[in-house]
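These are my notebook entries on a structure that I examined for the first time. I set down what I looked up, entry by entry.

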Amino acid sequence: FPVGRGDDWLVLKRVVTTLLQNMDAMPGNVFLVAATNHHHLLDTAIWRRFNISILLELPNVQQRERIISDYLREILSDYHVDVKILVLLTEGMSGAQVCNFLQALAKHCVMQHKENVIEKEDIADVWIKQSSLLSEDSDAYTRALYKLNKSGISIRALEKITGISRSTL
C-alpha cells in the first residue's frame, strides 16, 4: 500500500481486507472467476485465493492483423484501408483497445463522409485523438508522433492534425 496517503490509504486497506474476508467466507461449491487489466496493482494476498491464474498477453503482430482484418471486413467493408499501418500503430494495445480504435476510425469515416478510401491522415487523426492510447506525459506523445511519422504519415500532415509547427515536430 502507498505510504503517506492519509485517509485514502486506510480506505483502500479496508476495501482489500473486506474483499479478502468475503472471498474466504464463500462456500466451497462456489466457482469464482475474476479478471483485471492491472494485475500488477493487486495485493498479493488476492492471488493466493485462486487455484488457477491465467495471464493473457497482448496480441502479437499476426493476432493484431487478424483482429484488424476481421473488424474491417465486418464494419468497414466498403473502405480500403492500409492494414499494415493499423497493425504498426496498434502495437502494445490489447484486443479491446484495437477494437475501440477501429470503432473510432469507423465513426470518423461516417462523420467525415469518407467514401471508399481511408487516408493515412485520417488514421493518424483518430489515433492521436484516442485519449486512452496516449498518456498525458509529453514523452509518450512525442513517441506517438514519431511512430506515426515512421508509419508513413508526413510531418506536414502531423502539423495539420496536431497544430504543432513542422519545425517543432
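I count two residues as in contact when heavy atoms of theirs lie within 4.5 Å. I also note at the outset that the model is predicted.

**Entry 1: F50**

I began with F50, which I found in the loop between α2 (44–47) and α3. Setting aside neighbours within four places in sequence, I recorded contacts of F50 with M23, L32 and A34. I then looked up one of these partners, M23: F50 and M23 are 27 residues apart along the chain, and their C-alpha atoms are separated by 9.7 Å.

**Entry 2: W47**

I turned next to W47, whose place is in helix α2. Is W47 buried or exposed, or does it fall in between? I found W47 partly exposed, at 32% relative accessibility. Buried would require under 20%, and exposed over 50%. Apart from neighbours within four places in sequence, W47 is in contact with T36, H39, L42 and S53. I also looked up a separation: W47 and I155 are 108 residues apart in sequence and 47 Å apart in space, C-alpha to C-alpha.

**Entry 3: α3 and α5**

I then took up the packing of helices. Two packed helices are described by the angle between their axes and the distance between the axes.

For helix α3 (residues 61–75) and α5, I noted an angle of about 35 degrees, with the axes 10 Å apart. The crossing of α3 and α5 is right-handed. From α3, the residues making the contact are R64, I67, I68, Y71 and I75; from α5, they are G95, V98, C99, L102, Q103 and A106. I sorted the residues of this contact by class and obtained 8 nonpolar, 2 polar and 1 charged.

**Entry 4: α5 and α6**

How are α5 and α6 set against each other, and at what angle? I recorded an angle of about 120 degrees, with the axes 10 Å apart. That makes α5 oblique to α6. I noted a right-handed crossing here, with α5 passing α6. The contact draws on F101, A104, L105 and H108 of α5, and on D122, I123, D125, V126 and W127 of α6. By class, the contact of α5 with α6 holds 6 nonpolar, 1 polar and 2 charged residues.

**Entry 5: A104 and H108**

I looked more closely at two residues of α5 that take part in the contact with α6, A104 and H108.

A104 lies in helix α5 (residues 95–111). I entered A104 as buried, because its relative accessible area is 17% and the limit for buried is under 20%. Not counting residues up to four places away in sequence, A104 touches V126 and Q130. A104 and T17 are 87 residues apart along the chain, and I found 39 Å between their C-alpha atoms.

H108 is also found in helix α5. I entered H108 as buried, at 12% relative accessibility. Beyond its neighbours within four places in sequence, H108 is in contact with D122, D125 and V126. I looked up R66 for a separation: H108 and R66 are 42 residues apart in sequence and 22 Å apart in space, C-alpha to C-alpha.

**Entry 6: α6 and α8**

I then followed α6 to another partner. Helix α6 (residues 120–129) and helix α8 (residues 155–162) pack at an angle of about 45 degrees, with their axes 10 Å apart. α6 and α8 are therefore oblique to each other. I noted their crossing as right-handed. The contact is formed by E121, A124, D125 and I128 on the α6 side, and by A157, L158, I161 and T162 on the α8 side. I sorted the contact of α6 with α8 into 5 nonpolar, 1 polar and 2 charged residues.

**Entry 7: the cysteines**

My last search was for disulfides. A disulfide is a covalent bond between the sulfur atoms of two cysteines. How many disulfides does the structure hold? I found 0. Why does C99 form none? The cysteine sulfur closest to that of C99 is in C109, at 16 Å, which is too far for a bond; the cut-off is 2.5 Å. Looked at from C109, the closest cysteine sulfur is that of C99, again at 16 Å. I finally checked their surroundings: C99 is partly exposed, with a relative accessible area of 28%, whereas C109 is buried, at 0%.

Conventions
Residues numbered from 1 in each chain as written. Predicted model: local features only at pLDDT ≥ 70, side-chain atom pairs only at ≥ 80, totals over all residues. Heavy atoms only, no water. Buried < 20%, exposed > 50% of the residue type's maximum accessible area, 1.4 Å probe, protein only. Axes fitted to C-alpha atoms, helices over the stretch in contact; angles between N-to-C directions. Helix = DSSP H or I, 4+ residues; strand = E, 2+ residues; numbered from the N terminus. Parallel < 35°, antiparallel > 145°, perpendicular 65-115°, else oblique. Left-handed = near helix turned anticlockwise from the far one by under 90°. Nonpolar A, V, L, I, M, F, W, Y, C, P; charged D, E, K, R; others polar.
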